[in-house]
Amino acid sequence: MAHGSGSGVSLADVAKLAGVSAQTVSRVANCSDAVRPETRKRVLAAMDELGYRPSFAARSLRAGCYYSVGLAMSGDIAATGRRLQREGVAVAAAKRRYAMTLILLEDEEATLGEASSRMSCLPVDGQILYLGSSTEDFATFEPPSTLPTVIISTRHHPRCATVSNDQMGCSVSIVDYFIKKGHREIRFVGGRRDSYSNISRQKGWEQALRTRGLRVVEPMHGDWTADSGYELGMRLVQDRACTAVYASNDAIAVGVIYALRDAGLRVPEDVSVIGVDDSLEGVIPHLDLTSYRFNDRQVGSIAFDLATNPPEGKEPPHILVPGMIVERKTVAQAPQR
């Protein structure tokens with residue numbers, strides 16, 4: 001008779017207390033859906049009362065998998081996108097009754113190889129690596145043949161699946177939105193120069209302007225903070241031709257708006273501003289910032305699906321998830337000058 005891990009209590013003991021068969025207890029222990037909710041609740045209560053813990057090792061041997069997915073992350077894991085994507089993985093795992101094993105890599109220079117090596121030692125069925133697209137071994141990384149691997153990245157990888165937000169598409173949408181409002185002088189105020197998200201957004205902005213025959217003015221860069229946005233906004237005040245500002249995140253956008261208003265310019269009547277991430281709802285009262293919202297939770301959900309149900313075929317999928325503009329009150333028709 002199978003016993004719980006270190007408990008000395010058998011399936012039969014639990015079955016007797018719950019008034020069900022041992023097979024039903026086994027189904028509950030193995031997270032089967034073929035058990036009615038009220039029966040599952042009764043069995044779990046009996047397990048708790050008797051101190052029964054299903055043997056994870058035995059379950060894994062029977063099923064041929066661990067029912068766990070690994071997620072390795074580096075950088076600021078509290079940042080809006082990373083937090084929501086992590087949540088997307090966790091929710092998708094919960095729906096499939098999987099656990100999520102999280103590894104935090106404190107070294108921002110950590111490589112995919114290092115993260116994968118650590119994850120390969122753990123009981124996981126697939127791994128999701130979110131270390132940033134600029135990691136030095138991105139192009140040369142060889143995923144383990146026995147561990148399905150997904151990289152959260154805007155870059156395509158030749159040997160494993162990748163998924164991310166459509167950063168270039170974000171920029172095209174913002175530029176076109178400004179153009180529909182009559183704007184022709186659209187500036188870019190970015191975050192850190194070494195951020196791949198920032199690089200992609202700037203590249204999309206530049207290409208969109210050039211494709212539409214509009215002038216590209218040298219972009220400005222800060223460090224993702226509102227203080228940085230304020231400093232750069234004070235420089236923008238000298239740019240009399242500028243009527244629209246594409247800020248690479250919401251904090252920068254807010255800083256730019258404060259600077260413009262402190263300099264006597266009206267937002268949006270004189271200068272329109274759009275941010276990215278739509279991260280300030282509930283943080284700033286009476287939020288009026290127009291922003292581009294990514295579907296980060298969907299990115300996490302797709303990453304989980306790819307890691308636990310890898311697609312067949314020679315060419316690894318590269319999926320870019322589109323977002324949407326959330327209209328509020330910081331964009332208006334371009335002023336007549």
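In the predicted model, Asp-194 is partly exposed, its relative accessible area being 44%. Its partner in a salt bridge is Arg-192, and the closest N and O atoms of the two are 2.7 Å apart. Arg-192 is partly exposed as well, at 37% relative accessible area. Both values fall in this class because it covers the range between the buried limit of 20% and the exposed limit of 50%.

This pair belongs to a wider set, since the count for the protein comes to 12 salt bridges. A second example joins Arg-297 to Glu-87, with 2.5 Å between the closest N and O atoms. Here the partners come from distant parts of the chain: Arg-297 sits in helix 11 (residues 296-308) and Glu-87 in helix 5 (residues 80-95), 210 residues apart. Arg-297 has a relative accessible area of 44% and is partly exposed; Glu-87, at 31%, is also partly exposed.

A third salt bridge brings together the side chains of Glu-281 and Arg-328, at 4.0 Å from N to O. Glu-281 is found in the loop between strand 9 (272-276) and strand 10 (290-293), while Arg-328 is in the segment after strand 12 (324-326), so this salt bridge ties together parts that are 47 residues apart in sequence. The two ends of the pair fall into separate classes of accessibility: Glu-281 counts as exposed at 58%, whereas Arg-328 counts as partly exposed at 23%. Salt bridges can also be joined up, and Glu-185, Arg-187, Arg-215 and Asp-239 are linked in such a network.

Stepping back to the whole chain, the secondary structure comprises 11 helices and 12 strands. Of the 337 residues, 49% count as buried. Among the contacts with a separation of 6 or more, 67% are between residues 24 or more positions apart. The radius of gyration is 25 Å, where a compact globule of 337 residues would have one near 20 Å. Along the principal axes, the C-alpha atoms fill a box of roughly 85 × 45 × 30 Å.

Turning to the start of the chain, how do the helices there meet? The axes of helix 1 (residues 11-18) and helix 2 (residues 22-29) come within 8 Å and cross at roughly 105°. Helix 1 is therefore roughly perpendicular to helix 2, because angles of 65 to 115 degrees count as such. Helix 1 contributes Leu-11, Val-14 and Ala-15 to the contact, and helix 2 contributes Ala-22, Val-25 and Ser-26. Sorted by class, the residues of this contact are 5 nonpolar and 1 polar, with no charged residue.

Helix 2 also meets helix 3 (residues 37-50), the two axes coming within 10 Å and crossing at roughly 90°. This crossing makes helix 2 roughly perpendicular to helix 3. On the side of helix 2, the contact is made by Thr-24, Val-25, Val-28 and Ala-29; on the side of helix 3, by Thr-39, Arg-40, Val-43, Leu-44 and Met-47. The classes in this second contact are 6 nonpolar, 2 polar and 1 charged. Val-25 thus takes part in the contact of helix 2 with helix 1 and in the contact of helix 2 with helix 3.

Conventions
Residues numbered from 1 in each chain as written. Predicted model: local features only at pLDDT ≥ 70, side-chain atom pairs only at ≥ 80, totals over all residues. Heavy atoms only, no water. Axes fitted to C-alpha atoms, helices over the stretch in contact; angles between N-to-C directions. Helix = DSSP H or I, 4+ residues; strand = E, 2+ residues; numbered from the N terminus. Parallel < 35°, antiparallel > 145°, perpendicular 65-115°, else oblique. Contact = heavy atoms within 4.5 Å. Nonpolar A, V, L, I, M, F, W, Y, C, P; charged D, E, K, R; others polar. Buried < 20%, exposed > 50% of the residue type's maximum accessible area, 1.4 Å probe, protein only. Rg over C-alpha atoms; globule rule 2.2 N^0.38 Å.
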